[in-house]
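Here is a friendly walk through one protein–RNA model, a few features at a time. Please keep the viewer open as you read.

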Amino acid sequence: MLKLSHEVNLFFHWRLMIMDEKYFAKKVEQKWQKIWSENKTFEVEIDSEKPKFYALEMLPYPSGNLHMGHVRNYSIGDALAWYKRLKGFNVLHPIGWDSFGQPAEDAAIKRGVNPLDWTEDNINHMRNQLKRLGLSYDWRREIFAHRPDYYKFDQWFFLKMYEKGLAYKKMTQVNWCPNCQATLSNEQASGGLCWRCGNLVTKKDLEQWFLRITNYADQLLEDMSEIEAGWPQKVLKRQRDWIGRSEGAYVDFKLTQPVGEIEKIRIFTTRIDTIFGANAVVVAAEHPLIDAYFECFTEEVKKTIEKIRLEKRKITDYEAEQEKEGIDTGLKAINPFSGEELPIWVGNYVMMEYGTGAVMSVPAHDERDFEFAKKYGLPIRQVISSPHQSFDKFGQEAFTEYGILINSGEWTGKTSEEAIKEMAEYARRNGFGEPAVTYRLRDWGISRQRYWGAPIPIVYCDDCGIVPEKYENLPIELPKNVEITGMGESPLAKVAEFVNCSCPQCGKPAKRETDTMDTFVDSCWYYFRYCDPHNPDLPFDPKIVHYWTPVDQYIGGDDHAVMHLIYTRFWTKVMRDIGLVNFNEPVKRLLTQGMVVGETFFEVIPNPDDPSGKGKRIYYPPDTVQVERDQKGRIISAKSADGKPLQWAIERMSKSKGNGVDPDEMVEIYGADATRIFTLFAAPVENELVWNETGIEGAVRFLQRVWRFVWKWQEKISDSTTCEIDKIEFSAEARKLRRKTHQTIKRVTENLESLQFNTPIAALMELLNAIYDFKVEPENASPGDLFAIREAVTSLIVMLAPFAPHVAEELYSQIVGNEKGLLANGVRFPEYDEELAKADEIEIPIQINGKLRSKVVASADASDEDLKALAFADAKIKEYINGKEIVKVIVVPKRLVNIVIKG
RNA sequence: GCUGGGGUGGCGAAAUAGGUAGACGCACAGGACUUAAAAUCCUGUGAGACCGAAAGGUCUCAUGCGGGUUCGAGUCCCGCCCUCAGCACCA
């Protein structure tokens, strides 16, 4: 029967393609990926007629395989890109490869492969994976960070920064990861751990190129106000903490006897109001004063200094606070406020990297100084008193709050707030200090003793010194066939053809810089390059970039909050200062998606080496584990194949834990559309996403249900003979369906505008359920029924496009009878009609004293009085209020009635 | 320790301005179709108690815990507890 009607359908609609009765994901997906590619559906150019939208996702590192985190990231971006296109925007949606970096070199070391081949192979494989997901990128704009036409401009930017004094070289202790054999920036060594492998970081002396990000510290802070509305506050907070602005004052303490050239020692303090309580000046072991006087110290002092220096260099156990250590150097300095002579100590708790590397020690009002003074029996003098309550714990702990100054000469009696301002001013007037601001943020060290990065375009000439390369000589290309040992020295240093060059200034033989740039340089400006990806002369044409940028929506993980996201903000400000862009902030809105996690199974074996006693986990792949669940579906026990009892948890997907899911496999089994729908539906985007196989099956079921319905109604829906709408009569059922349709359009639109992706899919499922509830068969549908069905189904299909574009395209093509696709057909996201979305009958809950007691049905335009009357007429309510005193009646218009009674 | 998120069924989660808590999905259970299975469709599903032969109905308790404001609190206020994340001698 069904088969027959299908043939009849084909007979009458000869122009239609044959529609499969069943949904075959792979077939549909291959078909539409081909059409999109042939029709250049997602290729865009500047169009002044349309509003633009720049949808950007963080570009992947080509590690070899896509993982579910990528799928989630790109599904979100693609949904947004599709939605905006259907809303009439000119959408730029590009992708590329962050293809410089260490794994390529590691592969070279371990397996002897060429980093270039390894990288290109990985890109080819991963590009295919992305294409199989059917993501709507403009592939013409694909960029490759490792290719000379791209890194040429890393070098170009470096030269620009060098010219502006923003790039400089200095000898420094760098962060060094012994495991990766790599230098790390401060951001990459945050928390004392390597950002890539998690190992503890050590220190190493090296000459390094730095970028003066600290010049922009204040702007990086202040301009946050421009993006506050669109960025997650946790990201901004982390950046704020990282920049670590701190207001205080410098104070110079004169030495009683000059040490060589050094006559005074400058300290930084936020609590100048406590200066009368200083009992010592404490300096870092690396302080210049220590170096200058070193030979004159007693043996004991020398030994202690050496010990502290050594300790600092060692792997620091970042969890344990180190015990304070120090020694009186024998030198003296004078407190400029009190005139008191103070000893100068060396202390391991003073860091050379922060402030001036020297502090005044005020034990009564600083916890660290207190601890130090206690240990070494230094005097503790109270100079701040608490205005509110008596603080009687002096001698037991430090009082660190603001208060009233005491024992402070002419400043006695002032509040801390007043004194902080006035004393810094006083110091300035008298030439021994000034108000000051310090930052935790350090300059960005970009030198890497690595091969697989952009060479730093600098030449060392015996006569001219450090000479920047000429712009016309760019790119300075990476040589091929380089021996990579991974021993921590620059591989390029051993390549004579590369190193030996002529000086760009005098032409004499010279040597090239052999370090390469941190790969975070590449990602600082890549999304500007997308706008003008093949420009041979400039990183991009400012005019083109002016149309597309700033980025309207950026999507990615929040793990780059103080790396990529702070570097790229800095880079943008530099680009602004050299006239390439005309705004302060490159990204208007940022969305950070949560991790993809999965169930893990493991046994814990005790690890005697680990003092924390956590033990070591041995993981078992989930498909080898026998899991027992109770009636409710909870796991009650898990056993390995050989019967060992296992523990379970939910953890980030990774190979070593065996809980990873291969996107290719998901696409193969369930299809790209279902995979994408599930990743978006299962949880809000910012939450963790727990992967479970049955969930994705639910997504397939949903798509199949849509398909089946369209298949059944295809003939009727695609029949283009239309009636005039005002002549159509709608049954109550049809009106109800239309209402649901318009309510759904409203919900989906609002949800997408507020970047929710799980709730609109739920709304579409509800609409589909309503369509299925509409119990009319195609053969006996009235014009009103048909209209309602057509409206519901067409809206559903178009609204499905952002989440499951292949299915949407296919079903739409079946209805419209051509294969041009939604966008070429000029399809727009449906608009809702407020009137139709309104219910004509509403259910009103009736409460007695705030408790739900009954419900009544009222017409949608019922007045408060009507609702009240209905409530009192209700039999159940009558019973409740029978004989009771009615205190008051609250009517929330069109929502609820609450009757307050007494007795 | 400091800072910022977050605690809602068996699970993932919904809930525009305080106004029917648990939409949607998963899982589970029962039923229909089938020779059978899969698929599909239908029904049920927060906990407890009660009325009724049944269909169905009623009540109480439920959004981490304890208070408060309010006619009414998942939502607002105060105090705790737990949890995740970031930072950590920053002077």
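## Two cis prolines

Pro475 sits in the loop between strand E20 (465-468) and helix H14 (496-499). Helices (H or I, at least four residues) and strands (E, at least two) are DSSP runs, numbered from the N terminus. The bond leading into Pro475 from Leu474 is a cis peptide bond, with omega near -5 degrees. Another cis peptide bond joins Thr549 to Pro550, and its omega is about 0 degrees. Pro550 belongs to the loop between helix H16 (542-548) and E24.

## About the model

This is a predicted model, in which local features need pLDDT of at least 70 and side-chain atom pairs count only at pLDDT 80 or more, while totals for chains, interfaces and linings use all residues. Residues are numbered from 1 along each chain as its sequence is written, chains are lettered from A and ligands numbered from 1 in the order in which they are written, and side-chain values use heavy atoms, with hydrogens and water left out.

## Around the RNA

How many residues surround RNA strand B? There are 59, and the closest are Lys237, Thr270, Arg368, Ala682 and Asn898; a residue counts as near if one of its heavy atoms lies within 4 Å of the strand. Of the atoms of RNA strand B that come within 4 Å of the protein, 67% belong to sugar and phosphate. Helix H22 (residues 758-773) gives the most to this surface, with 6 residues. By class, the surface near RNA strand B has 18 nonpolar, 21 polar and 20 charged residues. Here Ala, Val, Leu, Ile, Met, Phe, Trp, Tyr, Cys and Pro count as nonpolar, Asp, Glu, Lys and Arg as charged, and the others, Gly among them, as polar.

Some side chains are worth a closer look. Arg701 places a polar side-chain atom 2.8 Å from a phosphate oxygen of RNA strand B, and Asn758 has one 3.1 Å from a phosphate oxygen of the strand. With Glu843 the partner is a base oxygen of RNA strand B, 3.1 Å from an N or O atom in the side chain.

## A parallel sheet

Strands of a sheet pair through backbone hydrogen bonds, either parallel or antiparallel. In this model, an open sheet of 4 strands follows the order E2-E1-E24-E25, with parallel pairing (two strands pair if DSSP finds at least two bridges between them). Strand E2 (90-92) and strand E25 (590-592) are the edge strands, each pairing on one side only. On average, neighbouring strands of this sheet are turned by 20 degrees against each other, direction ignored.

Strand E1 (residues 52-57) runs parallel to E2 and is joined to it by 3 bridges; Tyr54 stands opposite Leu92 in E2. Across E1, E2, strand E24 (553-556) and E25 lies helix H3 (residues 68-86), running at about 170 degrees to E1. Axes are lines fitted to C-alpha atoms, for helices over the stretch in contact (heavy atoms within 4.5 Å), and angles run from 0 to 180 degrees between N-to-C directions.

## Positive phi values

Lys40 is a residue other than glycine with a positive phi, near 50 degrees. Lys40 is in the loop between helix H2 (25-39) and E1. Asn407, also not a glycine, has a positive phi near 50 degrees, and its place is in the loop between strand E15 (404-405) and helix H13 (416-429).

Methods. A polar contact is a pair of N or O atoms within 3.5 Å; within protein, one must be able to donate a hydrogen and the other to accept it, and residues adjacent in sequence count only if both atoms are side-chain atoms.
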